[in-house]
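Visitor: I would like a close, unhurried look at one part of this molecule, beginning with a single side chain and its partner. Please then carry the description outward to the parts around them.

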Amino acid sequence: MKYSRLILANLFRKKIRLALTLGSFAVALFLFAFLGVVKDSFQRGADVAGADRLVVINRTSIINTIPLSYRDKILRIPGVTYVTHNNWFGGVYQEEKNFFPQFVIDPQNQRQVVPELIVPDDQWNAFLKDRQGAIAGAATAAKYHWKIGDRIPIKTTLYGGGSWEFNLVGIYHGKRPQDDETQFWFQWDYFEEKLPDRLKGQVGWYVLRVASVDDAVRVAKSIDDQFANSPNETKTQTESAFAANWVKQFGNISFLILAIGTVVFFTLLLVTGNTMAIAVRERTGELAVLKAIGFSDRAVLLFVLGESLVIALVGGLIGLGLALAMIPVLGRALNGLLPALFLAPSILISGMVTALLVGFLSGLLPGIGAMRMRVVSALRRV
């Protein structure tokens, strides 16, 4: 710390170069945080999935339906405590760009199966009493400035098409920051009465809770065995496995983000390393003088590393600060196009560690070169 003034003086010697290098760090760290958030958002379904929940889909594909009559048969299997069912609706609000996930739910069992999504009791009771009632996630309600009592039209090309009208009677919140607050729920009975006859009595998938996590494998096998060789065979998975398989449909997101992040890391390392090498070369004479008047080789190395680490620290803080400010804005703008974006503290910590690592590595080689520099040879070049 006692040499901090000397380090800062050297940093501000070339203000434009300093600003550009800090900008490179800031942009890279913002991109690092954004990629980390996107990766987490795709993996979050598996991370927050209930350990005691199973998902039952049609063995052929999730777009194929399952008979509603399966519900009671599933509920009779030992170890199953609650069963609910969902259907995908796939509509838009007012314009095509206003898309968010909409689900037809079984209101009698939804809260027992998904207790982490909280609806106040008075709003839930209003939902049960209103056939056209709907409940929206807090994020979606905030985006479209909805409030309790609003009439919400949703247009769909599925289920006979047209515009469906709903009364917003409730807004749910997640217990945890990472819980999905973008969904829109409405009642099975209202959905069923508007369907063409050929589509009635069919659900998209079942979600069930088991009495014990240890029962999950046995219950899943029992369900699939019961409906084996039927016209609608089932595939039962833990909720985390179902979420992970769903993400795979988008491609290898983790590999793609890792590849982009690696390119960003090495590009930043090269840019910063080149900057520090130029800075050391410009001050060859000054560094030789410092060594001539008694500064040790280690002190010279620390001067160079100190400059590089300060750049990394300040640039990293700027980039992560931008991420803190902008990712919530991007999340609201992309609502429905990507899973909910949440900047976890672990991403901020990883970003800062990465920035400091780049700063250390980019200053290490120029610093070693300065440390090994011979005073007589360096002064001869001045």
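Guide: Let us begin with R111, which at 28% relative accessibility counts as partly exposed; please keep in mind throughout that this is a predicted model. The side chain of R111 meets that of D121 in a salt bridge, with 3.1 Å from N to O. Since R111 belongs to helix α4 and D121 to helix α5 (residues 121–129), the pair ties together parts that are 10 residues apart in sequence. D121, for its part, counts as exposed, at 51% relative accessibility, a value that lies just on the exposed side because the cut-off is over 50%. The principle behind such a pair is a plain one: side chains of opposite charge can pair when their charged atoms come close.

Helix α4 spans residues 110–113, and Q110 has its place there as well. Q110 is buried, with a relative accessible area of 5%, whereas R111 is partly exposed. If neighbours within four places in sequence are left aside, the contacts of Q110 are T84, N86, I105, W124 and W185.

One of these contacts, W185, leads into the strands. In strand β9, W185 is the bridge partner of F103, and W185 is also the bridge partner of I135. The F103 bridge goes with the pairing of strand β4 (residues 102–105) and strand β9 (residues 184–187), which run in the parallel sense over 4 bridges. With strand β6 (residues 133–137), by contrast, β9 pairs in the antiparallel sense, over 3 bridges. Strand β9 is therefore paired in the parallel sense with β4 and in the antiparallel sense with β6, pairing being counted where DSSP finds at least two bridges between two strands.

The pair of R111 and D121 can also be set beside other salt bridges, of which the structure holds 11. One of them joins the side chains of D52 and R209, at 3.2 Å from N to O. This pair links distant parts of the chain, for D52 is in the loop between α2 (15–48) and β1 while R209 is in strand β11, 157 residues apart. D52 counts as buried, at 19% relative accessibility, and R209 is partly exposed, with a relative accessible area of 22%; the two values fall in separate classes because buried means under 20%.

Another salt bridge has its two partners within one helix: D225 pairs with K221, their closest N and O atoms being 2.8 Å apart. These residues are 4 apart in helix α8, and so they are separated by about one helical turn. The geometry follows a general rule: an α-helix has 3.6 residues a turn, so residues three or four places apart point the same way. D225 is partly exposed, with a relative accessible area of 47%, and K221 counts as exposed, at 53% relative accessibility. Elsewhere, salt bridges that share partners join R53, E116 and E239 into one network.

Helix α8 (residues 216–226) repays a further look, for A216, V219, A220, I223 and D224 are buried in it. Seen down the axis of α8, these buried residues fall within an arc of 130°, so they line one face of the helix. V217 and K221, on the other side of α8, are exposed, and K221 is the residue that forms the salt bridge with D225. The buried residues of α8 pack against several elements, namely β1 (53–58), α3 (70–75), β3 (80–88), β11 (205–210) and β12 (234–238). Among these, β11 is the strand that holds R209, the partner of D52.

To close the tour on the side of α5, consider I148, which is found in the loop between α6 (138–143) and β7 (151–155). I148 is partly exposed, with a relative accessible area of 44%. Apart from neighbours within four places in sequence, I148 is in contact with Q123, L168, V169, G170 and I171. I148 also lies 8.2 Å from N167, C-alpha to C-alpha, although the two are 19 residues apart in sequence.

How values were computed. Residues numbered from 1 in each chain as written. Predicted model: local features only at pLDDT ≥ 70, side-chain atom pairs only at ≥ 80, totals over all residues. Heavy atoms only, no water. Helix = DSSP H or I, 4+ residues; strand = E, 2+ residues; numbered from the N terminus. Buried < 20%, exposed > 50% of the residue type's maximum accessible area, 1.4 Å probe, protein only. Contact = heavy atoms within 4.5 Å. Arc of directions from axis to C-beta. Salt bridge = Lys/Arg side-chain N within 4 Å of Asp/Glu carboxyl O.
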